[in-house]
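Work through these exercises with the model open beside you. Try each task before reading its solution.

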Amino acid sequence: MTTAVKTDSRTATPKLAAIARIVLAGLGGVAVYFSYEPYGLAFMGVLGIALFYISLAPWPGVGGVASSRPPAKKGALLGFLHGFCAYVLLLPWVGEFVGALPWIALSLTLALWTILTGIFGVLVARWRYGFIAFALMYSAVEFLLSSFPFGGFSWVRLAWGQINGPLANFAPWGGPALVTFMAALLGASFAAILLSFVGEQSGKISLATPAMSATGIVIGLGLLAGLGVATPEPTTGNVKVAAVQGNVPRMGLDFNAQRRAVLANHVNVTKDLGASGERPDLVFWPENSSDVNPFRDREARDLITDAVNTVDAPVLVGTLTKDEVGDRNTAVVFDPDTGAGDMHHKRFLQPFGEWMPMRDFFRIFSSYVDMAGDFKPGDGDGTVRMGDHVVGVATCYEVAFDAAYRDAVKAGAQILTTPTNNATFGFTDMTYQQLAMSRMRAIETDRAVVVSATSGASAIVHPDGTVSQETEIFTPDFLVEELPLRDSVTFAVKYGQFIQWLLAAAGIAVMLAASVGARRGYASSRSQQPAEAAQTDNEN
């Protein structure tokens with residue numbers, strides 16, 4: 001009886017360890033979710049990575065029990081659970097008005113990428129400097145997720161959850177890619193320190209020293225990087241801006257059927273702005289603020305012209321246009337003196353929304369695919385001229401893409417705007433998640449950003465990423481403020497793409513090295529089995 005009890009106890013230990021790993025991986029994903037807005041707890045993102053790394057790493061033996069190392073196939077499960085727990089909590093807005101299927105499908109699809117993180121995370125976590133290798137590998141997988149397929153889905157980058165923490169200071173030096181790497185490195189380093197002090201190993205301080213050094217370096221560099229964020233020297237002047245939020249008649253996909261009412265709302269709020277006595281130099285309307293094409297509808301053109309004349313300033317109007325290429329999501333400058341001027345055709349279009357890849361195939365699963373548009377991307381540099389000022393424009397979904405604002409700044413933009421239409425997503429977290437991206441872009445590019453949304457939240461963002469004014473959701477309103485014009489070009493704007501490629505290449509190299517090491521280890525174990533069997537026979 002005593003022997004049976006001991007056997008059961010030993011058998012139960014690895015089972016409990018496996019369950020604990022699953023729990024840690026899932027909790028790590030939940031923690032990462034809480035780093036994003038509207039919670040904005042940056043330390044939770046680092047904690048989430050730490051928990052995930054612990055779930056993948058070898059666990060030192062305790063109380064005479066041998067150390068445990070999860071196999072690669074278990075790493076696949078752990079990676080999938082970590083990703084799915086984060087994404088399914090982050091993205092409910094995707095299915096707000098089209099049902100749960102697209103939301104769950106997208107979360108599952110994105111979690112397929114984190115299977116790679118789990119598989120290779122198990123392999124590199126066995127290395128002495130595995131916490132560094134893990135951060136590189138994590139960056140590589142995020143690059144792939146943000147690029148493929150259909151242009152990727154940059155919305156779920158780890159960096160966006162660091163906007164309220166010191167790691168956001170790395171944005172001017174390497175953009176979101178460097179912020180992600182530093183967050184992953186810090187989390188994995190914390191985990192490595194903890195693991196080195198668990199169990200019955202000798203020389204624990206020496207084991208923890210590399211991870212402690214990495215932690216200190218990341219924190220120190222983050223504080224040092226913050227000294228160079230939003231310094232006043234590049235300011236060449238100031239400009240008074242206004243963001244107009246007209247609101248929509250009601251929420252949901254059908255609000256576009258009331259597009260004339262949406263236009264009228266923005267015209268009326270703009271007239272209120274004119275009557276307020278404020279004299280802005282630039283006025284920004286949201287994406288889709290005039291879903292009636294003013295170049296084909298005289299009434300819409302007259303309404304816009306009337307509003308522009310009331311404020312006596314250039315107004316950037318979000319509308320829909322059509323040319324020889326096809327339908328466009330367009331931001332058009334209307335000037336009180338010269339009329340219609342520069343246009344920005346949205347370059348980075350949202351798949352399954354503004355365009356539908358593989359429409360016939362996906363129609364098999366849902367009739368909602370026919371609600372997706374057939375817009376064509378623009379090919380400009382992301383700037384428009386409004387009076388004497390060059391303005392960078394990233395319309396809604398574009399703000400998640402590095403090239404959008406970087407190209408605009410390189411083309412001379414001294415201030416930026418994010419016109420967006422969030423009405424379809426109701427009162428969900430989507431608008432706050434997107435605002436966090438605009439804040440990160442402000443820090444990255446050293447530019448003020450004016451966020452104008454149809455239904456909110458509109459905001460005024462300063463070059464240091466702080467929000468000085470913000471509207472309530474589904475409330476007609478306008479914001480007015482004087483903002484700095486900048487002519488600086490940050491290191492991230494110049495070389496951020498190369499930094500991302502370098503991190504991704506290093507991460508892929510780590511994965512290849514881990515694969516080779518795993519194959520050699522497997523071959524070695526296979527070759528030892530016959531010798532061990534022969535030795536056992538001789539002993540018998």
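Which residue just after α12 takes a positive phi? Asp446 does, at about 60°.

This is a predicted model, in which local features need pLDDT of at least 70 and side-chain atom pairs count only at pLDDT 80 or more, while totals for chains, interfaces and linings use all residues. Residues are numbered from 1 along each chain as its sequence is written, and side-chain values use heavy atoms, with hydrogens and water left out.

**Exercise 1. Describe helix α12 and its surroundings.**

Step 1: take the elements. Helices are DSSP runs of H or I with at least four residues, strands are runs of E with at least two, and both are numbered from the N terminus. The chain has 13 helices and twelve strands.

Step 2: check the span. Helix α12 covers residues 430–445, 16 residues in total. From first C-alpha to last, α12 reaches 23 Å, close to the 22 Å expected at 1.5 Å a residue. The expected span is 1.5 Å times one less than the number of residues.

Step 3: check burial. Buried means under 20% relative accessible area, exposed means over 50%, and partly exposed lies in between (1.4 Å probe, protein chains only). In α12, 15 of the 16 residues are buried, so the helix is largely enclosed by the rest of the structure. For the whole chain of 540 residues, the buried share is 54%.

**Exercise 2. Trace the salt bridges of Arg439 and Arg157.**

Step 1: apply the rule. A salt bridge needs a side-chain nitrogen of Lys or Arg within 4 Å of a carboxyl oxygen of Asp or Glu. The count comes to 20.

Step 2: take Arg439. Its side chain meets that of Glu37 at 3.3 Å, N to O. Arg439 lies in helix α12 and Glu37 in the loop between α1 and α2, so the pair ties together parts 402 residues apart in sequence. Both Arg439 and Glu37 are buried.

Step 3: take Arg157. The closest N and O atoms of Arg157 and Asp402 are 3.1 Å apart. Arg157 sits in the loop between α5 (130–145) and α6 (171–196), and Asp402 in helix α11, so this pair links parts 245 residues apart in sequence. Arg157 is buried at 2% relative accessibility. Asp402 is buried at 9%.

Step 4: contrast with Lys376 and Asp374, whose side chains meet at 3.4 Å, N to O. Lys376 is partly exposed at 27%, and Asp374 is partly exposed at 47%.

Step 5: look for shared partners. Salt bridges join Glu142, Arg157, Asp402, Arg406, Arg441 and Glu444 into one network.

**Exercise 3. Is Ser35 buried or exposed, and what does it touch?**

Step 1: locate Ser35 in the loop between α1 (2–33) and α2 (42–56).

Step 2: read its accessibility. Ser35 is buried at 1%.

Step 3: list contacts, meaning heavy atoms within 4.5 Å. Beyond neighbours within four places in sequence, Ser35 contacts Gly40, Leu41, Ala42, Met44, Gly45 and Gly161.

Step 4: add the backbone. A polar atom of the Ser35 side chain lies 2.6 Å from the backbone oxygen of Val32.

**Exercise 4. Place Ala225.**

Step 1: Ala225 lies in helix α7 (residues 204–226). At 8% relative accessibility, Ala225 is buried.

Step 2: Ala225 touches Asn169 and Trp173, not counting residues up to four places away in sequence. The C-alpha atoms of Ala225 and Pro172 are separated by 8.4 Å, and the two residues are 53 apart along the chain.

Note on methods: Polar contact = N/O pair within 3.5 Å; in protein donor to acceptor, adjacent residues only side chain to side chain.
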